[in-house]
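This briefing describes one protein chain for a reader who is new to structures. Please look at the sequence and the model first, and then read the points by topic.

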Amino acid sequence: MPNAQCPMPNAQCPMPNAQCPMTNLIPKQLRKNKQQRYKLLMVAMVMILLVSMTLAVMIGPVPIPPLRVWQIALSQVFPKVTGDWTQAQVQIVWLIRFPRVLLAFFVGAGLSVVGVIMQALVRNPLADPFILGISSGASVGAVLVILFGIFSFFGVYALSFGAFLGALLAFFVVFFLARRQGHLSSTRLILIGVAVSSLFEAVTSFLAIKAGSGEATRRVLFWLLGGLSGTTWTDLILPVLALFLGIGYLLLQTRSLNALLIGEETARTLGTDTDRFRKQLFFVTSLLTGVIVAVSGVIGFVGLMIPHSVRFLVGSDHRRVLPVSLLLGGIFLIWADVLARTIVAPEELPIGIITALFGAPFFIWLMQGKGGRK
């Protein structure tokens, strides 16, 4: 590949070492130090995740000591583990808080991964399932299921299927309208995404009003701002399965993702069928977004903030960006959920309000920086 196709310094070059000629100019010791720093970062993030999960389960109207948290958890997995805790503590830790904390992690991880993929797919640093209207499209599909029983023949998976179809529809509409003469305009992408998002939000509000029930309208509007209350262990099955399958596929495609981030011509030169690969990414991101929206409602800005923060830490190579984004996104949403349920206790805020308080200033900062001037 000519040097002109790899203009970035190596720390930011997303291409694998063998495909980026500038890499050969970097001393081996420096590359080894970068690998060591990455490993240390991953170890540190796993430790932070465990501490965050422990504290999140501890915090609440009934505080639980940290050691007891894990004793109770282990006793549910290994019945031989016993202790002097009460049945009420078991219900609080194992049936209420642990599922909620785990769902917060998986939702945050999934939204972060979707943000990474969308930014590579459309080559726009402002891409995010919330900003581009993908989450709003998923919400329309989910609300149709909630209020009118559409796709009820899918049983417990009706909500996820409806949200998936809505996300897929929104993705195709935004992408199709943003293309002009075969090229994708970054400015048009954001503007059309905002317009499509507003349109789907209006449709959702109309459906909620036409439902004719004040309680149904309140429930839908609260759900549209995102929330994890009432999470049970069965709520984790589909998100965990979708995330593992999606991450597994994406980790196998990091070379193509790196090439796509630079440009379609580069990706084709390296043997990537860009049209087919884009369709696959459409499906994966829509599936992940639909499943996440179905279990948590619409949570904005996570897919925007986390990928940018991660690239600042580890560069643009998706072999590192994806795992770190998964962990950092999960940690961020765990703490966002803690704030949502404690900041105005005993009342509970929709988690979308918390993420918006962080995400809106971050979005403005990006718009003021070079990312928003592309």
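The side chains of D337 and R100 are joined by a polar contact of 2.9 Å. The model that shows this pair is predicted. The points below start with D337 and then turn to the whole chain, a pair of helices, some backbone details and one further residue.

**D337 and its surroundings**

- D337 sits in helix α13, which covers residues 318-342.
- Is D337 buried or exposed? D337 counts as buried because its relative accessibility is 2%, and the cut-off for buried is under 20%.
- Leaving aside residues up to four places away in sequence, D337 touches R100, A104, L228 and I351.
- R100 therefore appears twice for D337: in the list of residues it touches and as its partner in the polar contact of 2.9 Å, where contact means heavy atoms within 4.5 Å.

**The chain as a whole**

- The protein chain contains 14 helices and two strands.
- Of the 374 residues in the protein chain, 51% are buried.
- Taking contacts between residues at least 6 apart in sequence, 73% join residues at least 24 apart.
- The exposed area of the protein chain is about 17800 Å², and 68% of it comes from carbon and sulfur atoms.

**Helices α3 and α9**

- Two packed helices are described by the angle between their axes and the distance between the axes.
- For helix α3 (residues 87-122) and helix α9 (residues 254-262), the axes come within 7 Å and cross at roughly 50°.
- α3 and α9 are therefore oblique to each other, since an angle of roughly 50° is neither under 35 degrees nor in the range 65 to 115.
- Which residues meet here? On the α3 side they are I117, Q119, A120 and L121, and on the α9 side L257, L260 and L261.
- Sorted by class, the contact of α3 with α9 has six nonpolar residues, one polar residue and no charged residues.
- L261, a residue of helix α9, counts as partly exposed, with 22% relative accessibility.
- From C-alpha to C-alpha, L261 and A120 are 4.8 Å apart in space, although they are 141 residues apart in sequence.

**Backbone details in loops**

- Most residues other than glycine have a negative phi, and most peptide bonds are trans.
- F151 has a positive phi, near 60°, and is not a glycine.
- F151 lies in the loop between α4 (134-148) and α5 (158-178), and its relative accessible area of 21% makes it partly exposed.
- F301 also has a positive phi, near 75°, in a residue other than glycine.
- The loop between α11 (274-296) and α12 (302-314) holds F301, which is buried at a relative accessible area of 11%.
- Where is the cis peptide bond? The cis bond joins A345 and P346, with omega about 10°.
- P346 belongs to the loop between α13 and α14 (351-368).

**V314**

- V314 is in helix α12 and is buried, with a relative accessible area of 13%.
- V314 touches Y38, L41, R320, V321 and V324, if residues up to four places away in sequence are not counted.
- V314 and R37 are 277 residues apart along the chain, and their C-alpha atoms are separated by 9.0 Å.

Methods. Residues numbered from 1 in each chain as written. Predicted model: local features only at pLDDT ≥ 70, side-chain atom pairs only at ≥ 80, totals over all residues. Heavy atoms only, no water. Helix = DSSP H or I, 4+ residues; strand = E, 2+ residues; numbered from the N terminus. Buried < 20%, exposed > 50% of the residue type's maximum accessible area, 1.4 Å probe, protein only. Polar contact = N/O pair within 3.5 Å; in protein donor to acceptor, adjacent residues only side chain to side chain. Axes fitted to C-alpha atoms, helices over the stretch in contact; angles between N-to-C directions. Parallel < 35°, antiparallel > 145°, perpendicular 65-115°, else oblique. Nonpolar A, V, L, I, M, F, W, Y, C, P; charged D, E, K, R; others polar. Areas by Shrake-Rupley, 256 points an atom, 1.4 Å probe, with all protein chains shown as cover.
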